[in-house]
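Biologist: I would like a close look at a single part of this structure, taken slowly and with its surroundings. Please choose one strand and follow its contacts outward.

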Amino acid sequence: MLSDHLYSTLYETLKFLILILVIAIEAFLIHQRFKPICHFFYFTCLAIILLLQFYLSKPSVTYLVDFSCYKPPCFCRVPFSSFLENSSLVETFDSESMAFMSKVLTCSGQSEETYLPPALQYIPPKTNQQEFIKEAQMVLFPVIENLLSKVQISPQDIDILIINCSGFCPSPSLSSIIINKYSMKSDIKNFNLSGMGCSASALAIDMAQALLKTQKDSDALVLSTEILSTGWYSGNEKPKLLLNCLFRMGSAAVLLTNKKQAKRSSKYKVVRTVRTNKAFDDKAYNSGMREEDSNGKLGVTLNRDLLQIAGETLRANITILGFKILPFRELFWLGVSVIKKGFIKNSCDIYVPNFKAAVQHFCLPVSGRPVIREIAKNLKLGERDIEAALMTLHRFGNQSSSSLWYELAYMEAKERVKKGDKVWLIGAGTGSKCGSVVLQCLRPIVGESNKGPWAGCVEEYPVMNS
């Protein structure tokens, strides 16, 4: 950090000295009464130098070449009746806990088609290290291979590897497992993000973009998943039982690059990323916590004020992003409403900008129907805008950080994303953290309905009352 600060200071000093030199040379030309043509030639050369500097110092564009989502095999499908029957045979749950889980499932917005890993379908569930590793291999290996085959590159071509998995952090790490499996090169930069919750995929894209700005002509592979068998709770505290009912299998692989020649083949380019964090606030920090219950059983507690805190974190993120992407007219009316509320009428409402003036598609946190609809209300979104989120929740459940990519896959399968359109991916997680990624479509996207996680079922959607 010290060397970076020293470099920055020296660079700013050098720019100041160059400015002094330019002024001194012009003063000398004036003092010596050179002909006007000399001044013209001097300023022309200076303008060319400045334009070259501007062109050469432009940050590289980050392209999203393609992505893949994991579709679990049919034997992992768990209807509500099977889930509740198996849970009832596990002696640790009392009748009150069973009734609570049944109610949560009924109101969750999920269908009977969601998936759980094999380890959680045993009676009792297998929650040991060996099963955790098996589940990680099951959800990560196929999605990596599918993506690399689509973009036609070798695992040895990957320069940066980022894996986010909130609840499972083994040793060797998940990224080491991937590197070992695919014999990736020795100088690959690999990272593991754990404990970041449902916001982790958006944060990983932001991290990959930052790394690609410092490493030229590189490919970055981002993997997002959650290992459910590590989060299974076998006690009777209701706030901890929520995770058993709400979270389901899923994973996604995303390939990013800064290679200029990738522009033609890439689906998207990364336009903006914004991160906000409220971990400094004790209430936000404790809103979702992995801890033991009174009987020593480990689980994740989701407190009642989690939704309120997530809303506050999301609001802060949206405010920052809004100033970066909204057109002037929306910012103008927002400013007018703030002035009116502060100085004229305290009772008047703050103007809610129309984000659809800047973004055409939205991938929202799939944390439940109430959450999706509340976000839609705050952003003034219609039913079609939240369709991808509601249908992803219905078909696949809450897949934590990877849900965003299933939503984008849904839009692609419906052929709704057109060239030039912008897509806003919003991830919100415990801590409390929020990440936004804005993508812009670079080419027509067709033929995705018979590929990916929605193949064979996208024609059935949207379903009503979801």
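What follows is an account of one strand, the sheet around it, and the charged and nonpolar groups elsewhere in the chain.

Modeller: The model is a predicted one, and I shall centre the answer on strand S11, which spans residues 433–441. Before turning to that strand, it helps to set out the chain as a whole. The secondary structure of the protein chain amounts to 14 helices and eleven strands, and 50% of its 466 residues count as buried. Among the contacts in the chain with a separation of 6 or more, 77% are made by residues 24 or more positions apart. The chain exposes about 23,400 Å², of which carbon and sulfur atoms supply 59%.

Is strand S11 enclosed by the rest of the structure or open to the outside? Eight of its nine residues are buried, so the strand is largely enclosed by the rest of the structure. The cut-off behind that statement is a relative accessible area under 20%.

The pairing of S11 can be described from both of its sides. On one side, strand S6, residues 268–277, is joined to S11 by nine bridges, and the two run antiparallel; within this pairing, Arg 275 has Gly 435 of S11 as its bridge partner. With strand S10, residues 422–429, the pairing is again in the antiparallel sense and extends over eight bridges, and here Ala 428 has Cys 434 of S11 as its bridge partner. S10 and S11 form a hairpin with three residues between the strands, and in that hairpin Gly 431 adopts a positive phi near 135°.

These pairings belong to an open sheet of nine strands, whose order is S3-S2-S4-S5-S1-S6-S11-S10-S9 and whose pairing is mixed. Its edge strands are S3, at 189–193, and S9, at 361–363, each of which pairs on one side only. On average, and with direction ignored, neighbouring strands of this sheet are turned by 20° against each other. Moving from S11 past S10 brings us to the edge strand S9, which pairs with S10 in the parallel sense over three bridges, with His 361 standing opposite Val 423 in S10. Helix H14, residues 403–413, packs on the sheet and touches S11 together with S1, S5, S6, S9 and S10, and its direction makes about 95° with that of S1. Another helix, H6 (residues 174–182), lies across S2, S3 and S4 and runs at about 135° to S2.

The charged side chains add a further kind of link, and the structure holds 17 salt bridges. One of them joins the side chains of Lys 150 and Asp 66, at 3.6 Å from N to O. Since Lys 150 lies in helix H5 (residues 129–151) and Asp 66 in strand S1, the pair ties together parts that are 84 residues apart in sequence. The two partners can also be described by their exposure: Lys 150 is partly exposed, with a relative accessible area of 34%, whereas Asp 66 is buried, with a value of 8%.

Lys 451 and Glu 448 also meet through their side chains in a salt bridge, with an N to O distance of 3.7 Å. Lys 451 is partly exposed, at a relative accessible area of 41%, while Glu 448 counts as buried at 12% relative accessibility. These two residues belong with Asp 66, Lys 150, Lys 267 and Glu 412 to a network of linked salt bridges. A further salt bridge is formed by the side chains of Glu 237 and Lys 240, at 2.9 Å from N to O. There Glu 237 is partly exposed, with a relative accessible area of 29%, and Lys 240 is buried, with a value of 2%.

As a contrast to the enclosed strand, the surface carries a nonpolar patch formed by Phe 328, Phe 332 and Trp 333, with about 400 Å² of accessible area together. Phe 328 has its place in helix H11, residues 328–344, and is exposed, with a relative accessible area of 65%.

To return to the strand chosen at the start, S11 is held between S6 and S10 in the order of the sheet, pairs with S6 over nine bridges and with S10 over eight, and is touched by helix H14.

Methods:
Residues numbered from 1 in each chain as written. Predicted model: local features only at pLDDT ≥ 70, side-chain atom pairs only at ≥ 80, totals over all residues. Heavy atoms only, no water. Buried < 20%, exposed > 50% of the residue type's maximum accessible area, 1.4 Å probe, protein only. Helix = DSSP H or I, 4+ residues; strand = E, 2+ residues; numbered from the N terminus. Pairing = 2+ DSSP bridges. Patch = residues over 30% accessible without salt bridge, like charges linked within 9 Å, V, L, I, M, F, W, Y side chains within 5 Å. Areas by Shrake-Rupley, 256 points an atom, 1.4 Å probe, with all protein chains shown as cover. Salt bridge = Lys/Arg side-chain N within 4 Å of Asp/Glu carboxyl O. Axes fitted to C-alpha atoms, helices over the stretch in contact; angles between N-to-C directions. Contact = heavy atoms within 4.5 Å.
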